[in-house]
Amino acid sequence: EDYWMVLDNKVLNVTEFIGSHPGGREPLTHNAGTDATDEFSLVGHSINAKNKLKGLQIGVLVEKDRRSAKPSMCASVSYTDVTAASLNKAAAHSEGGQFPIATTIIIIVVAVLSIVGIVLLIANDSSNSVKEL
């Protein structure tokens with residue numbers, strides 16, 4: 001099975017990198033068959049990680065398909081100009097049912113902000129109770 005994704009309109013075959021990805025296989029398999037540009041940017045990858053992408057690139061999306069709705073991928077396309085319409089297989093390879101990293105980060109931030117808000121509310125309520133005495 002091949003795992004392809006799009007980053008900055010470049011089509012990448014990440015199949016060989018799945019086993020050595022520092023963040024584990026889930027981010028790659030979950031985002032296979034999609035334009036993962038936003039997810040990649042949110043993680044804050046190093047210069048080395050960005051340089052590694054050059055070796056994974058197998059094509060470039062044609063102009064009409066750039067930054068459109070997340071295209072599905074096809075493991076059989078191997079030429080430079082790749083159309084989103086021709087990329088329709090690898091999404092089936094991705095492991096569904098898991099939150100992408102960006103969603104997980106958002107959930108954690110909301111939870112932390114909620115806890116901070118509750119603590120501040122309790123602290124404010126406690127200080128008002130002391131003033132009333």
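Does Asn 9 count as buried or exposed, and at what relative accessibility? Asn 9 counts as buried, because its relative accessibility is 16% and the cut-off for a buried residue is under 20%. The notes below take up this residue again after an outline of the model, which is a predicted one.

1. Overall make-up. The secondary structure of the protein comes to 4 helices and 4 strands, and along the sequence these elements follow the pattern β-β-α-α-α-β-β-α. Of the contacts in the protein with a separation of 6 or more, 58% are accounted for by residues 24 or more positions apart.

2. Surface and interior. The protein has 133 residues, and buried residues make up 33% of them. Its accessible surface comes to about 8300 Å², and 60% of that surface belongs to carbon and sulfur atoms.

3. The nonpolar core. The largest nonpolar core has 12 residues, among them Tyr 3, Met 5, Leu 7, Leu 12 and Val 14 from the early part of the list, and Ala 36, Phe 40 and Leu 56 as well. Leu 12 can serve as a way into this core: leaving aside its neighbours within four places in sequence, Leu 12 is in contact with Tyr 3, Trp 4, Met 5 and Leu 7, and also with Leu 53, Leu 56, Gln 57 and Ile 58.

4. Helix α1. This helix covers residues 26-31 and includes Thr 29, whose relative accessible area is 0%, so that Thr 29 is buried. The side chain of Thr 29 reaches the backbone oxygen of Glu 26 at 3.4 Å. Asn 31 also has its place in helix α1, and Asn 31 counts as buried because its relative accessibility is 8%, under the 20% cut-off. Not counting residues up to four places away in sequence, Asn 31 touches Trp 4, Met 5, Ala 36 and Glu 39.

5. The loop between β1 and β2. Strand β1 covers residues 4-7 and strand β2 covers residues 10-13, and Asp 8 is found in the loop between them; Asn 9 has its place in the loop between β1 and β2 as well. Most residues other than glycine have a negative phi. Asp 8, however, has a positive phi of about 50° although it is not a glycine, and phi of Asn 9 is near 65°, again a positive value in a residue other than glycine. A reader checking the backbone may wish to look at this pair.

6. Arg 66 and its surroundings. Arg 66 lies in the loop between β3 (57-61) and β4 (81-82), and it counts as partly exposed because its relative accessibility is 33%, a value between the cut-offs of 20% and 50%. Leaving aside neighbours within four places in sequence, Arg 66 is in contact with Asn 9, Val 60 and Leu 61, so that the buried residue of the opening question appears here once more. Arg 66 and Val 6 are 60 residues apart in sequence, while their C-alpha atoms are 9.5 Å apart in space.

7. A nonpolar patch on the surface. Ile 108, Val 112, Val 116 and Leu 120 form a nonpolar patch on the surface, and together they have about 360 Å² of accessible area. Leu 120 is found in helix α4, which covers residues 101-132. Leu 120 counts as exposed because its relative accessibility is 56%, and exposed means over 50%.

Technical notes. Residues numbered from 1 in each chain as written. Predicted model: local features only at pLDDT ≥ 70, side-chain atom pairs only at ≥ 80, totals over all residues. Heavy atoms only, no water. Patch = residues over 30% accessible without salt bridge, like charges linked within 9 Å, V, L, I, M, F, W, Y side chains within 5 Å. Areas by Shrake-Rupley, 256 points an atom, 1.4 Å probe, with all protein chains shown as cover. Salt bridge = Lys/Arg side-chain N within 4 Å of Asp/Glu carboxyl O. Helix = DSSP H or I, 4+ residues; strand = E, 2+ residues; numbered from the N terminus. Buried < 20%, exposed > 50% of the residue type's maximum accessible area, 1.4 Å probe, protein only. Contact = heavy atoms within 4.5 Å. Polar contact = N/O pair within 3.5 Å; in protein donor to acceptor, adjacent residues only side chain to side chain. Core = buried A, V, L, I, M, F, W, Y, C linked by side-chain atoms within 4.5 Å.
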